[in-house]
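Q: Could you teach me to read the features of this structure one by one, giving the general idea before each case?

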Amino acid sequence: MPDREHEAEGLGLDYSTCEKVLDLEQFRELVEDVGLEAVPYILGEFLIEIRARQEQILAAQERSDTAELKTIAHALKGSSGTMGAKYIYDASKTLEITCVNGTWQDVAHAAEKVSREIVAAESVLEALAAVE
Amino acid sequence: MSVPTQFSQELSRALVVDDDRFSRSIMKRRLNTIGVTVLEASDGVEALRMLETHSIDLVLLDLEMPRVDGFSLLGILRGHPKHKHLPVIVLTGDESRAASERALTSGATSFLVKPLNWSAFGPHIKHIAQLVGASRIAIENMGHGLALYEQDGSVSLRNEEYSNLMQADPKNESQIDKAVLQPDWISEKQKRVKKGEFIQEITELPEDKAISSSFRPLPGGGWLEVHQDISEQRRASKLIDYLAYHDPLTGLANRSSFQKMISYDVARAKRGEMIAVLYLDLDHFKPINDTLGHLVGDKLLKQVGQRLQAEIREIDKIARIGGDEFAIIQVASVQPAGASSLASRLIDTIRKPFEIDGHRLSIGCSIGIALSPQDSDDPAVLLRNADLAMYRSKSEGRSKFSYFEPTMDAAMQERRQLEMDLRHAVSQKQFELHYQPQIDLEHDCLNSFEALIRWNHPTRGRVAPLDFIPLAEEIGVISEIGSWVLEQACKDASLWPDSVSVAVNASPLQFKGHDLPAAVGRALEASQLPAERLQIEITESALLQGTDHTLSILGEIQSLGVQIAMDDFGTGYSSLNYLRQFPFDKIKIDKCFIDQLAHDKDSVTIVRAVADLAAGLGIRTTAEGVETSDQREILQRLGCNEVQGYLISRPRPLAEIGEWFDNSVRLSVVPLNASSLPAERGALEPVEGRTKLKVYYNA
């Protein structure tokens with residue numbers, strides 16, 4: 001996808017790294033709107049957000065608290081959508097829906113999926129935040 | 001009480017309500033880039049606290065939040081007097097139609113789904129900001145005082161003008177003269193509107209001020225108040241009313257209101273009372289206006305109005321109904337004596353000289369009087385009848401008054417018909433030229449013909465010039481007729497022998513503009529008549545009106561080679577003076593001097609003097625109205641050059657003058673009493689290449 005590579009280059013980022021975490025088009029719109037200089041700040045804020053949510057997810061899982069998980073999933077869906085973190089967004093959306101319709105086992109699986117996506121994103125986002 | 005923030009300031013502070021810290025953070029960052037300060041709340045409770053303690057212009061609201069969610073917060077805001085009009089943009093991950101419908105019906109200003117389309121987010125916020133600004137500008141500048149009240153009487157919105165109308169600031173100079181509503185009055189109205197009554201009232205205040213107010217109950221409780229200071233409109237409206245019924249120059253009533261006054265007085269006239277309508281037209285006003293200018297003319301009219309007003313009683317009414325026309329209504333039980341007495345006083349007061357800008361001005365007035373109910377009880381008819389009577393006064397010498405008589409109306413109808421016929425005649429060319437010869441006395445030969453116009457009316461028959469030329473001058477068709485005469489006379493004369501000229505009379509009015517020389521030029525060019533065979537005859541009355549201008553026009557015509565003759569010489573008081581001012585080619589001695597020539601030594605002396613004077617100045621003389629052989633012989637003896645009159649021939653149509661050019665044909669010379677004479681009275685003989693007339697006349 002040469003266009004996407006081009007977009008990533010325009011943002012000073014490595015395409016192959018970005019695409020593991022972000023919907024590049026969504027991320028580009030955000031950057032254009034808030035300014036390129038804000039990228040490290042945004043990435044840092046997002047990292048804080050997802051780490052906090054991950055802790056909340058683990059705590060809720062321990063309590064088997066479906067309602068809390070749904071609330072966390074909803075909030076995470078919003079922030080990851082805003083960021084363009086497409087894999088976290090998809091996993092959060094699934095978790096939110098599962099909390100309403102699924103069994104606890106389904107919920108636990110969905111929550112673990114969200115945690116895995118967060119862990120996968122962290123290292124990439126940290127790398128991106130370090131790009132000057 | 002303050003004006004709500006959202007309408008009094010630009011969009012400067014937003015509250016982001018979202019349990020997602022990251023979304024709040026991004027939103028804050030984004031709004032900061034467009035200069036908006038952002039406050040954050042993670043749920044509805046925190047948001048309400050922020051709204052109570054801060055001025056907020058815009059709320060960005062998530063729907064799903066712990067404790068008080070977005071829908072609940074929206075409901076609270078829309079029910080809150082202070083926040084019910086606060087713009088709220090809902091931002092949510094719930095993309096269902098139900099969510100958007102619920103949010104919008106709950107009072108959301110707009111609805112955006114997360115993840116946000118960031119390209120659209122910025123313009124969206126700007127659009128909302130513009131709406132907020134536009135609302136603020138509209139409400140603050142609407143010129144009305146506007147306030148929204150809640151059911152409990154608290155104010156949810158009001159603009160500065162509303163505050164001004166409730167209480168003017170005495171320290172603010174622009175508000176010193178402002179109209180202000182009284183608190184008691186407002187309270188009373190608010191009590192009524194609270195009960196659901198719609199109120200619309202105008203409050204009249206001292207010094208011609210007024211405020212228009214409306215109190216409209218609103219469906220959800222509360223009410224809308226709109227107040228407007230209409231003092232200026234009132235003043236403008238009064239001025240318009242005044243101008244509609246008054247003459248702005250004199251301050252007197254105008255024609256429109258005068259007719260209403262007549263109706264009023266006619267309707268209220270008591271038994272035995274008669275109403276006199278006096279119509280006044282100033283005499284000799286126009287020359288003053290023309291020579292001294294409109295400013296002097298206007299001042300004169302104002303003084304006339306004042307003098308007239310001073311002569312009437314308080315119950316009488318006066319109006320200026322035209323340029324120099326005034327009218328008065330007099331209600332009296334003794335009529336026409338009352339009207340006659342008043343008319344005499346008015347004539348006397350206007351006759352006294354006026355002093356204006358260093359000028360001592362003398363004018364007069366002619367008055368016509370119509371009485372009601374005797375002459376009519378219709379205001380328009382009364383005024384017209386008085387006008388007709390005024391014309392009688394004018395025609396009988398001015399500075400007098402006349403009463404309306406029914407025959408005047410008939411005469412006016414007749415005149416109007418004649419006027420219409422004359423206009424039709426001009427367009428249809430119903431005119432004909434007759435020619436009267438002018439004979440050289442020394443050589444007994446034909447010199448020229450004077451062209452005299454005749455109107456062949458389809459039903460009235462032939463109308464004499466004296467019966468239609470003054471009317472043509474009055475209704476402004478004389479120039480058109482004059483041009484036709486010039487063209488036709490030149491065309492006819494171009495077919496005559498080279499030695500015979502044609503004389504054409506010019507109306508004084510033709511000298512008012514600058515068109516006459518051009519008209520003469522056109523006629524000569526079209527006919528190919530040599531200019532020296534055309535004579536233009538001008539009367540002294542034409543010279544009297546704007547002498548310099550007239551002489552200049554005459555000079556232009558003479559420069560074309562055209563001969564200029566002064567007609568009716570001796571009838572004016574400054575005839576001799578004009579001879580000094582302009583090199584006339586000919587003077588025509590008026591018939592009044594010729595009539596008594598055979599019996600009156602004075603007439604002989606005058607004609608001899610004129611002939612001698614003219615000869616001395618190198619000007620030819622023509623005696624007009626020669627009817628007897630005695631007159632002809634005396635004129636020849638006195639040195640007069642030409643004669644013209646019934647002794648030689650009456651004016652004849654073109655078709656009948658051909659015989660004058662045929663020296664083999666004997667001529668008919670028609671004397672004064674033509675019927676008593678033989679038909680054939682003379683003959684033509686050729687003399688030195690010119691046509692010579694031999695006249696045989698009765699012994």
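A: Let us begin with a definition: a salt bridge is a side-chain nitrogen of Lys or Arg within 4 Å of a carboxyl oxygen of Asp or Glu. This is a predicted model, in which local features need pLDDT of at least 70 and side-chain atom pairs count only at pLDDT 80 or more, while totals for chains, interfaces and linings use all residues. Residues are numbered from 1 along each chain as its sequence is written, chains are lettered from A and ligands numbered from 1 in the order in which they are written, and side-chain values use heavy atoms, with hydrogens and water left out.

Q: How many salt bridges does the rule find across the interface of chain A and chain B?

A: Side chains of opposite charge can pair when their charged atoms come close. Here the rule finds two salt bridges across the interface of chain A and chain B, whereas a search of the whole structure finds 48 over all chains. In one of the pairs B:Arg21 meets A:Glu45, with the closest N and O atoms 2.7 Å apart. B:Glu64 forms a salt bridge with A:Lys70, and there the closest N and O atoms are 3.6 Å apart. B:Glu64 lies in the loop between strand 3 (58-61) and helix 4 (70-78) of chain B and A:Lys70 in helix 5 of chain A, so this pair joins two chains; helices (H or I, at least four residues) and strands (E, at least two) are DSSP runs, numbered from the N terminus.

Q: How many residues does each chain give to the contact, and what area is buried?

A: Contact means heavy atoms within 4.5 Å, and buried area is the accessible area (1.4 Å probe) that two parts lose on being put together, summed over both. The contact takes 26 residues from chain A and 22 residues from chain B, and the area buried between them is about 2,100 Å², with carbon and sulfur atoms giving 52% of it. On the side of chain A, the residues that lose the most area to chain B are A:Asp33, A:His74 and A:Thr82, together 28% of what that side buries.

Q: At what angle do helix 11 and helix 12 of chain B pack?

A: Two packed helices are described by the angle between their axes and the distance between the axes. Axes are lines fitted to C-alpha atoms, for helices over the stretch in contact, and angles run from 0 to 180 degrees between N-to-C directions. Helix 11 (residues 285-292) and helix 12 (residues 294-311) of chain B pack at an angle of about 140°, with their axes 6 Å apart. Angles under 35 degrees count as roughly parallel, over 145 as roughly antiparallel, 65 to 115 as roughly perpendicular and the rest as oblique, and helix 11 and helix 12 of chain B are therefore oblique to each other.
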